[in-house]
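Welcome, and please open your viewer so that we can walk through this model together. At each stop you will hear what to select and what is there.

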Amino acid sequence: MIEKILNKAANGEKIAMLTCYDATFAKLMELAGVDILLVGDSLGMVLQGAENTLNVSMHHMTYHTKMVKNGALNTMIIADMPIGSYEQDNEAAYKNALWLMKSGAHMVKFEGGGDKRIETARYLVERGVPVCAHLGFTPQTVNQIGGYKIQGKTEESAKQILKDAKAMSDAGASFVLLEMVPAALAKAITENIKTPTIGIGAGVDCSGQVLVLQDLLGIYTGAANKKPAEFKSPRFVRNFLANTHSIQDAVSTYVKAVKDKSFPATEHSY
Ligand code: KIV
């Protein structure tokens, strides 16, 4: 399953990834040709109505991963490791990653770079757990970062993200996901590492793209405790339902737009 997607990337085909949290949408996305389903901890916001991903647990993640697996037996699934499930020690990270794999994930994703995270990636990969590294803006550390801010804007931070991406690739990560970084930086990373990159708010030159399903459908209006009018959709979001007749059509249009590189356009990039 992973090999098939990596081969597509190696042949220059763009990879279309979408978040997915249940069986109904998993089946629909499989039929629409989505390459990878991401059971993202964004479910904390879009399903649970929270302000961020910080309340998401391993129980939530395994529950939704099982549902997605039930709906899509033939599509690759990546599951997010929620906050608190991988930072402390590698053995605990391994145990939690296995739990996600036993629930149906083919690969796990966790956030952050630096020596400790790179060691965790290596530890998991050596034990047979495929890893997607999430760099750039990392939602689980939103409070430390001080809000939803573009990363890699200064020369120093761009260098650090490139260094982390290289190290994650060397540690055996199968994908590097780049969130909210300048398109030029994402391009440089994609050209300088052997691992395919998946972008969200990272420009068209990544090896693939990911969006949150509810954003793609234009139905996410912010946390439950906020008025919809207070929510401003991020720049990288495009509503694919707007000019189509069904959800399935909207998802197929997204896949096509990723493959033919018409999404993301400059207006969706930094
Ligand atoms: O949890 C999630 O949906 C993610 C995407 C924003 C990439 O990590």
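**First stop: a strand residue**

Select Val131, which lies in strand β5 (residues 131-136); strands here are DSSP runs of E with at least two residues, helices are runs of H or I with at least four, and both are numbered from the N terminus. Before going further, note that this is a predicted model, in which local features need pLDDT of at least 70 and side-chain atom pairs count only at pLDDT 80 or more, while totals for chains, interfaces and linings use all residues. Residues are numbered from 1 along each chain as its sequence is written, and side-chain values use heavy atoms, with hydrogens and water left out.

Is Val131 buried or exposed? At 0% relative accessibility, Val131 counts as buried (buried means under 20% relative accessible area, exposed over 50%, partly exposed in between, with a 1.4 Å probe and protein chains only). Now add Met107: the two residues are 24 apart in sequence, yet their C-alpha atoms are 5.6 Å apart in space. Leaving aside neighbours within four places in sequence, the contacts of Val131 (heavy atoms within 4.5 Å) include Met107, Phe110, Ala121, Leu124 and Phe175.

**Second stop: α6 and α8**

Show helix α8 (residues 155-170) together with α6; they pack at an angle of about 20°, with their axes 9 Å apart. Axes are lines fitted to C-alpha atoms, for helices over the stretch in contact, and angles run from 0 to 180 degrees between N-to-C directions. That angle makes α6 roughly parallel to α8 (under 35 degrees is roughly parallel, over 145 roughly antiparallel, 65 to 115 roughly perpendicular, and the rest oblique). To see the contact, select Gly114, Arg117, Ile118, Ala121 and Arg122 of α6 with Asp164, Ala167, Met168 and Asp170 of α8.

**Third stop: α5 and α6**

Keep α6 (residues 114-126) and add helix α5 (residues 90-102): here the angle is about 50° and the axes are 10 Å apart. The two helices are therefore oblique to each other. On the α5 side, pick out Asn90, Glu91, Ala93, Tyr94 and Ala97; on the α6 side, Glu119, Thr120, Tyr123 and Leu124.

**Fourth stop: aromatic pairs**

How many aromatic pairs does a search of the whole structure find? The search finds seven, where rings of Phe, Tyr and Trp (its six-membered ring) pair if their centres lie within 6.5 Å, and planes under 30 degrees apart count as stacked, over 60 as edge-to-face and the rest as tilted. One of them joins Tyr94 and Tyr123, edge-to-face, at 6.5 Å centre to centre and 75° between the planes. This pair links distant parts of the chain, with Tyr94 in α5 and Tyr123 in α6, 29 residues apart. Tyr94 is partly exposed, at a relative accessible area of 24%, and Tyr123 is buried, at 19%.

Next, select Phe240 and Phe263, an edge-to-face pair with 5.2 Å between centres and 80° between planes. Phe240 lies in the loop between α10 (213-216) and α11 (247-259) and Phe263 in the segment after α11, so the pair ties together parts that are 23 residues apart in sequence. Both Phe240 and Phe263 are buried. Add Tyr254 to complete the view, since Phe240, Tyr254 and Phe263 form one aromatic cluster.

**Last stop: a loop residue**

Finish at Ser207, in the loop between β7 (197-200) and β8 (208-211). Ser207 is buried, with a relative accessible area of 14%. Not counting residues up to four places away in sequence, Ser207 touches Glu13, Lys14, Ile15, Thr190, Pro196 and Thr197.
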